[in-house]
Amino acid sequence: MKRIISDLFEYSGQSHIPLNSKQLTVRDEVKNKIINGLYKQEERGCLCGSKDCVLIAKTDRYGLPLDTVICIECGLIRTNPKLTEAAYKDFYCLEYRDLYMGKEYGSIKNYFDDMVLRGQEILNILLKKRVGIKIEGSDILEIGCSAGGILVPFLESGARVKGYDYDQRYLDYGKQRVLDLDLCYGGVENLKEENRQYDIIILNHVLEHLANPLEAVQLIKEKLKEDGVLYVAVPGLTNLEYFFSPTKSFLGGLHIAHLFCFSPQTLVNTLEGFSPVFIDSKICAIFCHDAKGQISLRFPKKNGYKEAINFINQYEYNHIYRFGLFLAFRIIIYKRDLLRRIYRIKRLVSSKSITHIFSRNN
Ligand SMILES: [Zn+2]
């Protein structure tokens, strides 16, 4: 079924966010690989098992030719078809960082510093929302830790920390910046070989990148202590902070590396065996094992389709409204400049004619 949100969501090959020259080069390389079939794509159903979906976009924010659909049965938004596992492996090795990082951070150092601040925010959320949580002496694990910046405030608070990531350059940088950071090459599948359990597991903007989040959730469940907590943050449907589009269209949230776009409801649906202790509209959430759930009855698993569609429609309406205001503002500024210019020309002409009259009389 096809119901593209608006013409903006059709494929045009144009980027919908500002890109620097490096990003443009990388974007074109990825685009050619997709069009020429070097990056193969494959169909896949929703995490709920359904294949009934509505096509809502044929492009991502970079102007890459990717289809996004929403599941009718549960409301989860996913890329379909998606790149194959082999294509994603190459993409993450060759293009991901340059495509993603160009605009926002510029250097590993800036990114690391930013992540340390993010780590402090996460620590504060955990202390505030999970009464009685102890950081000192606890075991903390972060999957997809990049250079490990988020783990620094936990380490400084006396916790034992461990992080996994596939970017060796970022891991090396983190280990060189903070010697006590235990950072390893790998991902969630490395947990299969671990016999250690953790008090806090952090998934900061990771779940949306995983091809098989349900398997990851089960592995994490096994490695989380009975009274442990899982911190999850995703750039999702109601999280405007990560929509880099200047006019803040929902399109800004569609990104080749994001296989899913969650709402608070579809995130709750995905985390099978967990109950939310806290979840906000920015989709920062704390979960604990189902049996220990505090608000699971207030936030049951259900179909989030209508809610998601309503949000997108409302958001795009607001986007058009904002864009209209932006245009009106530009016209006012332009007209004011135009009037000023006319006024200046008139003054120039009249002063010249006065000079002319004056010189003629003399
Ligand atoms: Zn579904």
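Two strands pair if DSSP finds at least two bridges between them. Helices (H or I, at least four residues) and strands (E, at least two) are DSSP runs, numbered from the N terminus. The model is predicted: local features need pLDDT of at least 70, side-chain atom pairs count only at pLDDT 80 or more, and totals for chains, interfaces and linings use all residues. Residues are numbered from 1 along each chain as its sequence is written.

**Exercise 1. Summarise the protein chain.**

Step 1. The protein chain holds nine helices and 13 strands.

Step 2. A residue is buried if 20 or more other C-beta atoms lie within 10 Å of its own, exposed if 12 or fewer, and partly exposed in between, with C-beta atoms placed from the backbone. By this criterion, 37% of the 362 residues of the protein chain count as buried.

Step 3. Two residues are in contact if their C-beta atoms, placed from the backbone, lie within 7 Å. Of the contacts in the protein chain between residues at least 6 apart in sequence, 69% join residues at least 24 apart.

**Exercise 2. Describe helix 1 and assign its sides.**

Step 1. Helix 1 covers residues 21-35, which is 15 residues. From first C-alpha to last it reaches 21 Å, close to the expected 21 Å at 1.5 Å a residue; the expected span is 1.5 Å times one less than the number of residues.

Step 2. Which residues of helix 1 are buried? They are Q23, V26, R27 and V30. These residues lie on the same side of helix 1 because they cover an arc of only 105° around the axis, the arc being that of the directions from the helix axis to the C-beta atoms.

Step 3. S21, N32 and I35, on the other side of helix 1, are exposed.

Step 4. Just after helix 1, G37 has a positive phi of about 80°.

**Exercise 3. Trace the pairing around strand 3, then place it in its sheet.**

Step 1. Strands of a sheet pair through backbone hydrogen bonds, either parallel or antiparallel.

Step 2. Strand 2 (residues 53-57) pairs with strand 3 in the antiparallel sense over four bridges. In this pairing A57 stands opposite T68.

Step 3. Strand 3 and strand 4 (residues 77-79) run antiparallel and are joined by three bridges. The bridge partner of T68 in strand 4 is T79.

Step 4. Five residues separate strand 3 and strand 4 in a hairpin, and G75 in the turn has a positive phi of about 90°.

Step 5. Strand 3 (residues 68-71) is covered on both faces: T68 and I70 are buried on one side, V69 and C71 on the other.

Step 6. The open sheet has four strands in the order 2-3-4-11, with antiparallel pairing. Strand 2 and strand 11 (260-261) are at the edges with a single partner strand each, so one side of each has no neighbour in the sheet.

**Exercise 4. Examine the backbone angles at P81, S146 and I283.**

Step 1. Where is P81 found? P81 is in the loop between strand 4 and strand 5 (82-83). The peptide bond joining N80 and P81 is cis, with omega about 0°.

Step 2. S146, a residue other than glycine, has a positive phi near 45°. S146 sits in the loop between strand 6 (139-143) and helix 5 (152-156). Is S146 buried or exposed? S146 counts as buried because it has 24 C-beta neighbours inside 10 Å.

Step 3. I283, also a residue other than glycine, has a positive phi near 55°. The loop that holds I283 runs between strand 12 (274-279) and strand 13 (284-289). I283 has 24 C-beta neighbours inside 10 Å and therefore counts as buried.
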